[in-house]
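Visitor: I should like to understand how the terms used for a structure are justified. May we take them one at a time?

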Amino acid sequence: QLLLLPMVAAIAAGNAVVAKPSELAPHTAAELVSLIEAINDPAITAVQGGVAETTRLTEILLTTAKLSGASATEAANSAMQFAQALGSGTLQGDELRSILENNNTLARTLAEGLGVTIGELRKMGEQGKLTSDLVANTLIGSYDAIKSKAAELPATVGGAWTQINNAFTKFVSDVSTSSGIFTDLASLMT
């Protein structure tokens, strides 16, 4: 019901819909995906995957944009085009062109993962062969390679500060969890 009511309203308003059933209810998700596939309308797409897959794809988009030297605007544009492509079910046309222009590392990673050249990747896009599942699974399979390339980048002052902040936050959390010292301190202060 949480998925279907907004989906029906969006379709009635003339919008395209990307439905993401909960991974916590796999049988219901499978039925909803089957129903959406049976409708066979390119404006209605179902995507599956849990938080881990979504997080990895987001990391891949951000990391490859950084590796490409993309500006914040270029990174945002390619991320939006990528999301639209996944939502439509196929990476092609303007979405593929945007990624090739604004996030060439993502395009090269996808081509390498598929064992094709950039020219062949363009052709696959023209032919509608770059389905959401194929693209997402190929990129997720390249996650470790992308992260290792990113680890080779020189650290920026902002990036180093973020790492220090994250390490300190984790340290405080670990100390608090194991010893309860901050809970005890907080109770003394109130």
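Guide: In this predicted model, the largest cavity is lined by Phe82, Leu91, Leu96, Ile99, Leu106, Ala107, Leu110, Val135 and Leu139. The helices α5 (93-102), α6 (104-114) and α8 (132-141) each give two or more residues to that lining.

Visitor: What makes Leu91 a lining residue of the largest cavity?

Guide: A lining residue has an atom within 4 Å of a cavity point. Leu91 is listed in the lining, so the residue satisfies that cut-off.

Visitor: Which element gives the largest share of the lining?

Guide: That share comes from α6, with 3 residues.

Visitor: How do the lining residues divide into nonpolar, polar and charged?

Guide: Phe, Leu, Ile, Ala and Val count as nonpolar. The lining accordingly has 9 nonpolar residues, no polar and no charged.

Visitor: How much space lies in the largest cavity?

Guide: The space is about 30 Å³, and the structure holds 1 cavity of 30 Å³ or more.

Visitor: Why are α3 and α8 called roughly perpendicular?

Guide: The axes of α3 (residues 51-68) and α8 cross at roughly 75 degrees and come within 10 Å. Angles of 65 to 115 degrees count as roughly perpendicular, and the two helices are therefore described in that way.

Visitor: Which residues of α3 and α8 meet?

Guide: Glu53, Leu57 and Ile60 in α3 meet Ala136, Leu139 and Ile140 in α8. By class, this contact has 5 nonpolar residues, no polar and 1 charged. Glu counts as charged, so Glu53 is the charged residue of this contact. Leu139 also belongs to the lining of the largest cavity.

Note on methods:
Residues are numbered from 1 along each chain as its sequence is written. This is a predicted model: local features need pLDDT of at least 70, side-chain atom pairs count only at pLDDT 80 or more; totals for chains, interfaces and linings use all residues. Side-chain values use heavy atoms; hydrogens and water are left out. On a 1 Å grid over the protein atoms alone, a cavity is a set of points where a 1.4 Å probe fits but cannot get out, and a pocket is an open set with protein on both sides within 12 Å along at least five of seven lines; lining residues have an atom within 4 Å of a point. Grid points are joined across faces, edges and corners, and a volume is the space filled by probe spheres set on the points. Helices (H or I, at least four residues) and strands (E, at least two) are DSSP runs, numbered from the N terminus. Axes are lines fitted to C-alpha atoms, for helices over the stretch in contact, and angles run from 0 to 180 degrees between N-to-C directions. Angles under 35 degrees count as roughly parallel, over 145 as roughly antiparallel, 65 to 115 as roughly perpendicular and the rest as oblique. Contact means heavy atoms within 4.5 Å.
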